[in-house]
Each structure stands twice: as C-alpha cells, then as structure tokens.
Amino acid sequence: MHRPTALGGALTALATAAAGVLVAAAVSTTPAAAAVGGTGTGYLHTSGNKIVDSTGATVRLTGINWFGMETDNKTFHGLWSSNPWRGQLDKMASLGYNTLRIPYSNDALKPGATASGINDFVNPDLVGLSPLQILDKVIDYAGGKGMRVILDRHRPTAAGQSPLWYTSTVSEATWINDWKMLAQRYAGNPTVIGADLHNEPHAEGTNPAATGACWGCGDTARDWRLAAERAGNAILGVQPNWLIFVEGVSCPSGGLSNVWDGDTSNDEDCGWWGGNLTKAKDFPVRLNVANRLVYSPHEYATSVYRQTWFDAPDYPANMPAIWDKYWGYLHKQNIAPIMMGEFGSTLADPKDKVWLENLMAYTGTGMSFTYWSWNPNSGDTGGIALDDWTNINTTKQAILQPYLIPPVGGGGPSPTPTTPGPTPTTPAPTGGCTASYQQVNAWQGGFQGELTVKNTGTAAVNPWSVTWAWPSGVSLASGWNATVTQSGTTVTAAAPDWSRSLAAGASVTIGFTANGAASAPGTVKLNGTAC
C-alpha cells in the first residue's frame, strides 16, 4: 500500500466504495490512445526510456494492482466474494488492464503458509492450495489472456510495511533468497516479467538521527540504491530476462526534517513513500545485465495525504513540474523507463478527480503504470471494483480508459482448454527426442517439477506438443511455459502462442505443480514420438 512521509503505520483496508459512485454500466473497451493491443512478444527489456519486447517493439504496461497476498489472508482479496477468481481476471482484461502487479509478503512464501478468506463454493479449485499454488494458477490464467505479471515484495511480514527492506525478523538474506526462489519458480514463463524489489522504502527517525531508507548516502544498512543493486543482481543471476523495478524513497537522507526547530533552511524536500527519485540521476541503480532497470514511483492524491502542492494557488498547473522533479525527468531525459507502480484515489475530494485527469495526461502514451487498485477494500483509495467485486467504479474507469492498452485475447473469458494432439500438418521429430526431469520442490500433498524435452531430430516441430503419464492419484495443479492440461492419467503440454516452434536441437522446459505423491513423468512423448 502507500503512505506519505508525514504519516506512519498502515491502515487496515476495509472501506467501502466512494459515496455517490454509480453501479457499473457498460464501459467502452476501445481506448482512444491505443492503436494496438497486447504486451509484446517474449521477454521485455529496456531501450532508453522505453520498455520493448523481444522483437524491439515498444510495449506500454497499463495495469492494475490486485492485493491480498501481503496480508494475513496470504492470498488475493475478493476470493471470498461471489465472483470467481477467473471472472475477476476476465473483467480486468476486458477493461483494458494488460498487466497485474501482485503484492506479497515473505510470510506468504514460508513452507506451510496457509491461504484464507476463500469462498469454497465459488472457487472449489483453490481449496487446499498453498498461497504459491494459488499464485501459480492466477499467473497461468492471466498469461493465457495475454496479460503480464509483476511481483511486488510489499511487506516483510503480513503485519505491515517497513521503511527498510529488512527488519529484525526478516533479514536481507531472506529478502534476496525469496526473490531468487520466485525467479527460479517462474523462469521460462514470460508472463512474469519482473520484480518490484521492495514497496515504498521511506524515511524513519528525525535528522540527523535518520534510521530509514536513504538514496546515495553510502550507508549499506540504509542506502536503498545499494540494496536494490544487491537484490537486482542476485535475481538477474537466476533469471537474466526479468525487469528490475526500483521504487524511490521519501526523503533522500532517510530521515524526517525537524519541523519544530524553526529553521527551514535545512529542511529536506520529501515526497510520497516510494515516490522520490530525485537522486536517481546522480546515483543510478547499476545492474550487471544491461537494459533491465525500470524506475517505479508511487503517486497519490489528497484522499491519502494533503500535500502542500494540492493547496497551491496555481493547482493543478503546478503538478507537471512537481512530477518532473520527483521522477518524470528520468523519462523526459531518456535515462530510464517509468512504470508508475501505484496511484489512486477515492475521488471523494473534487481536487482528486482533477489530479487523476492531469496525471494521466502527464503520463500520456509513453509511461507505463499499474493503478491502485482492483480491490474495493483499499481504505484510503477504494478500487476499480465495487464492493461486490463484480461491478466497477465507472467514474474512475472513464478517466483511465483512454490510456489503457488491452491485452490480446483480453476481450472476454478464456476458452476452456482442450487436450491438443498431433495434426496431419505437424511433423514428428525425425530422429526422436530426449527427456530429463528435475523435482524442484515438494510438500505434504504435492510437489513441483520441471520436465525438459529436447528435439533431437533434424527438423523443427511446429506446433510442438509433449505428453506424459502420471500414476493414478496424481493431478495437475498448474503449469507454465506451455498450456498444460490433464485427462485421466495423461498430461498434455501444448506449445504456447509465443513459442510454437521447437527447432531441431532445441529444448523446452515445462514447469508444473501437482497434487499427490511426488512422481516423475513417465512415457514422455514429443508429438507422439517416445523420448
């Protein structure tokens, strides 16, 4: 979530939708500013101030936050509603949100973590799944709709946010190791495009006794820029294709100004938690893999905190210069892309509507963003969804709509997957194939594995399809890097649209989680040819 420098603590998200908002009516899904849909092909990287896909085409992420995995529920909020989880993703995609930012806490990643707040009748397929298994299913389904996913380490524990990336109970090593685990878990799945390293690092303590996150101060225990480099490079060592999203701080010194001493000459220029990137030009984040850095500020309205600039006589004409100063200059000077990770409002104050309209015009068609939030139960902003998690806030959506680029295939529910097989035009691999299996993880009642199949033939297989057999009692929970389905004891992994051809000599790694006793795939075949 979000807090300005002047406020501390975290509020529990329990508010209803803003008063006076109309229950959902039909909203156009054709954004005026978007000529094409989709989020590109393959993994993404950066080029100057742009995010581009594997072909070099410019991609703009226009997404939304769906929170809950960072709370005591340890999974997405709204799973208690009458709208199934797939229905909620269908609605997001149909409205034009092409990216999902998913906050989590390290508590949700612990072995034995239990998800709660799930309506068993509406979401029977989630019963008994761990938080990570539910995350797998959401990622798989979102990817099938053409959406991208950004993972956001929102809190060290479910108890609340922290000014630094570590606490007395969650070490820096835990923070980094959990990121490496996630990078490995989703390696080979380009639906997951990157890591938002830590949510809203911010000031703590009164200067000169600062104890919060600084930028460029050189203190390894507090310098967020140096910590972002350590974590970012550790992630890229496991998954070099990910983007690394780095938020700002609040006060670059890491401490709050003494407003009681009567001396304003030394008072620091601060901003929103996570929103101050004024030092990023002089002290840039340095990553070992080029073209992976995206700066991700947060920006809020008076419904969160009444910053001084909202009461300026020239408001809102003063706002572009403020945004330029804190983070917009990075885009305008072609230093790095901007992906505004959070921004939102209840729109209860008339100034907020003006703020949102001007902010969207400022981001234009060049900057990316993920709106806060889908959830109606965000206490100080409300959401796009109303309290029933089905109808939407049409006032907010109408302001955002012209700037949204819908995912390809996002116009409605995904088709029910079928079990594909070889077609007359699909050549079998001349010369055969080889298969190798690695069990990645196991827990009571389930396991995670990776099956790698190599085309040892002399011709490409297009489209490819891998099948294998499991013993009775083993059932598929989720899969990635392919469309994975199960019929009886036979599992089929069909080529995804973004990688339909398996060249001669090339390999594909299919990841999955399954329920039941850990079992290696048997009778592995590539387009009907035994490996």
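**Exercise 1. The four-stranded sheet**

Work out in which order the four strands of the open sheet stand, and which strands lie at its edges.

*Solution.* In this predicted model, begin with the pairing of neighbours, remembering that strands of a sheet pair through backbone hydrogen bonds, either parallel or antiparallel.

Step 1. Strand β14 (residues 433-443) pairs with β15 in the antiparallel sense over 10 bridges, and within this pairing Q438 has E450 of β15 as its bridge partner. The hairpin of β14 and β15 has two residues between the strands, and G445 takes a positive phi near 90° there.

Step 2. Strand β15 (residues 446-455) is also joined to strand β20 (residues 507-515), the two running antiparallel with nine bridges between them. Two positions fix the register: T452 stands opposite T509 in β20, and E450 has G511 in β20 as its bridge partner.

Step 3. Strand β17 (residues 475-480) pairs with β20 through five bridges, again in the antiparallel sense, and G511 in β20 is the bridge partner of W480.

Step 4. Putting the pairs together gives the order β14-β15-β20-β17, an open sheet with antiparallel pairing. Because β14 and β17 each have a single partner strand, they stand at the edges, and one side of each is left without a neighbour in the sheet. From one strand to the next, the twist averages 25°.

**Exercise 2. A helix across the sheet, and a salt bridge**

Find which strands α2 lies across, and explain what the salt bridge of K137 with D125 ties together.

*Solution.* Step 1. Helix α2 lies across β14, β17 and β20, and runs at about 55° to β17.

Step 2. K137 forms a salt bridge with D125, with the closest N and O atoms 4.0 Å apart. K137 belongs to helix α2 (residues 131-144), whereas D125 is in the loop between β5 (99-105) and α2, so the pair ties together parts that are 12 residues apart in sequence.

Step 3. For the wider setting, a search of the whole structure finds 18 salt bridges.

**Exercise 3. The five-stranded sheet**

Determine in which order the strands of the five-stranded open sheet stand, and which of them are left with a single partner strand.

*Solution.* Step 1. Take one pair as a starting point: strand β16 (residues 465-469) and strand β19 (residues 490-494) pair over five bridges in the antiparallel sense, with T490 in β19 as the bridge partner of A469.

Step 2. The five strands follow the order β18-β19-β16-β21-β22 in an open sheet whose pairing is antiparallel. Since β18 (483-487) and β22 (529-530) stand at the edges, each with a single partner strand, one side of each is left without a neighbour in the sheet.

**Exercise 4. Two packed helices**

Describe how helix α5 and helix α6 pack, and say which residues meet.

*Solution.* Step 1. Two packed helices are described by the angle between their axes and the distance between the axes. For helix α5 (residues 319-332) and helix α6 (residues 350-363), the angle is about 30° and the axes are 12 Å apart.

Step 2. Angles under 35 degrees count as roughly parallel, and α5 is therefore roughly parallel to α6. The crossing of α5 and α6 is right-handed.

Step 3. On the α5 side, M319, P320, W323, D324, W327, G328 and K332 make the contact, and they meet W355, N358, L359 and Y362 in α6. Sorted by character, the residues of the contact of α5 with α6 divide into seven nonpolar, two polar and two charged.

Definitions and conventions. Residues are numbered from 1 along each chain as its sequence is written. This is a predicted model: local features need pLDDT of at least 70, side-chain atom pairs count only at pLDDT 80 or more; totals for chains, interfaces and linings use all residues. Side-chain values use heavy atoms; hydrogens and water are left out. Two strands pair if DSSP finds at least two bridges between them. Axes are lines fitted to C-alpha atoms, for helices over the stretch in contact, and angles run from 0 to 180 degrees between N-to-C directions. Angles under 35 degrees count as roughly parallel, over 145 as roughly antiparallel, 65 to 115 as roughly perpendicular and the rest as oblique. A crossing is left-handed if the near helix is turned anticlockwise from the far one by less than a right angle, and right-handed if clockwise. Contact means heavy atoms within 4.5 Å. Ala, Val, Leu, Ile, Met, Phe, Trp, Tyr, Cys and Pro count as nonpolar, Asp, Glu, Lys and Arg as charged, and the others, Gly among them, as polar. A salt bridge is a side-chain nitrogen of Lys or Arg within 4 Å of a carboxyl oxygen of Asp or Glu.
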